[in-house]
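Got your viewer open? Load the model and get ready to click through a few selections.

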Amino acid sequence: MAITAIKGCNDILPEESGRWQYIEQAARRIFERNGFSEIRVPIMEKTELFCRSIGDTSDIVEKEMYTFTDKGDNSVTLRPEGTAGVMRAYIEHKMHAQDPLAKLYYLGPMFRYERPQKGRYRQFHQIGAEVTGVTDPLVDAQVLNMLCAFFHEIGLDEPTLQINSLGCPDCRPTYRAALMEFLQGRLDRLCDDCKRRFTVNPLRTLDCKSAGCAEATKGAPAMLEHLCTACDDHFSSVKRYLDLTGSRYSINPRMVRGLDYYTRTTFELVTGLLGAQSAVAAGGRYDGLISQLGGPSIPGIGFAMGVERVALLLGERDFSRRPDLFIATMGAGQRDKAFCLLTELQNRGNRVEMDYEGKSLKSQMRRADKLRARFSVVIGENELATGRASFKRMEDGVQNEAALEADDIVTLLA
Ligand SMILES: [Zn+2]
Ligand SMILES: [Zn+2]
């Protein structure tokens, strides 16, 4: 029996990889325009890193991590998200010593042991960005605008931006207490998950998908009404900067994030195109995370988006790559010329194909069609002798004569 891939881990086949590259290239373009540089960190980290950053009581750490003991008896974990590793690297390499301000982005696979279902995989991919060293709300607005610019760049205007503030260690405890008091009398109406969350992370009851919990938490106090003056000012400024740059957003006072380290600005890009309203990108400010990981007290903000979901949103668009030219030959006598032209044109940046197996002209042309080459040319004895050939534009059959010289052909293909 042939060996298959691990459940929940997907191959991205050639017909799909063009779509992925399109997404990745757009992200790189937009992020680098905003002054971000790529950081590549390991896929595997010490387990402790995620316990300390994401929080021991989170669903991710409790149930979903790929954790195992390696041959040296160390507990290691396949990263379930990107921020922790990036911040670990930021601290470890003392990037803050030269300049606390760093603008970093990453892309790559993440791993969570979840029940595989459509759009949820055990190996999934994220593109994320982080900014450290700035509390100024202007940077929050820039990060949000950058995320929206990315979706605009790939031709999607649908995911809409929702924002909220989760306060800070000064004002959140008061809010948490007010929320717990509100929930106290409604505990029996909450789902089992939320009953458990009530003591560890009561805020999570607000974004529970269960209808009973949505009903039971109707009228619950909102964090936004409990922000301290500093957090309130910060949130107002974020909104002002977004307004100033004409960005569209809505405020979702029930948005909380699953990870414990978020403070102040939190946000999601939400779409209804993938079934129920769901987030394709999410993030927020994490002013306490770097010190929590043993670094200096430096603020940060960032987001991650799910590449599988973005790929789905792009729908039926065709991302396959087409050859610029297919060179066919009448017989073996023209193959040397065809191969030289192929090599030369490829070196000059064109995507060129030819037949490898001495097939009939008919079968070569079938292949040119199948590959959807933009142009084709047939080289026979006559073409070889005169040094000229007719180049057929495949979409409308129009023929253009040109010399069998790379210079002329490059111009014709342009
Ligand atoms: Zn506050
Ligand atoms: Zn619930």
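What follows is a short walk through a metal site and some strands of this predicted model.

**Stop one: the zinc.** Select the zinc ion (ligand 2) and show its protein donors: you should find the SG atoms of Cys191, Cys194, Cys208 and Cys213, at 2.2 to 2.3 Å from the metal. Look at the angles among those four donor atoms, which run from 105 to 114° and make the site tetrahedral. Along the sequence, the donor residues follow the spacing C-x2-C-x13-C-x4-C. Now pick out Cys191 and Cys208, a pair 17 residues apart that links distant parts of the chain. Cys191 sits in the loop between α7 (172-184) and α8 (192-200), while Cys208 is in the loop between α8 and α9 (211-216). Turn on a surface here: is Cys208 buried or exposed? Cys208 is buried, at 15% relative accessible area, whereas Cys191 has 21% and counts as partly exposed.

**Stop two: a hairpin.** Next, select 66-69 and 75-78, which are β3 and β4, paired antiparallel over four bridges. Tyr66 has Leu78 of β4 as its bridge partner. Five residues separate the two strands of this hairpin, and Asp73 in the turn has a positive phi of about 70°.

**Stop three: β6 and its partners.** Move on to residues 123-132, strand β6, where nine of the ten residues are buried. Add β5 (102-111), which runs antiparallel to β6 and is joined to it by ten bridges; Leu107 has Ile127 in β6 as its bridge partner. Then add β11 (300-306): β6 pairs with β11 too, antiparallel over seven bridges. To finish, click Glu130 and find Gly302 of β11 opposite.

Methods: Residues numbered from 1 in each chain as written. Chains lettered and ligands numbered in written order. Predicted model: local features only at pLDDT ≥ 70, side-chain atom pairs only at ≥ 80, totals over all residues. Heavy atoms only, no water. Donors = N, O, S within 2.8 Å, 3.2 Å for Na, K, Ca; no water. Tetrahedral: all angles 85-135°; square planar, octahedral: opposite > 155°, others 65-115°. Buried < 20%, exposed > 50% of the residue type's maximum accessible area, 1.4 Å probe, protein only. Pairing = 2+ DSSP bridges.
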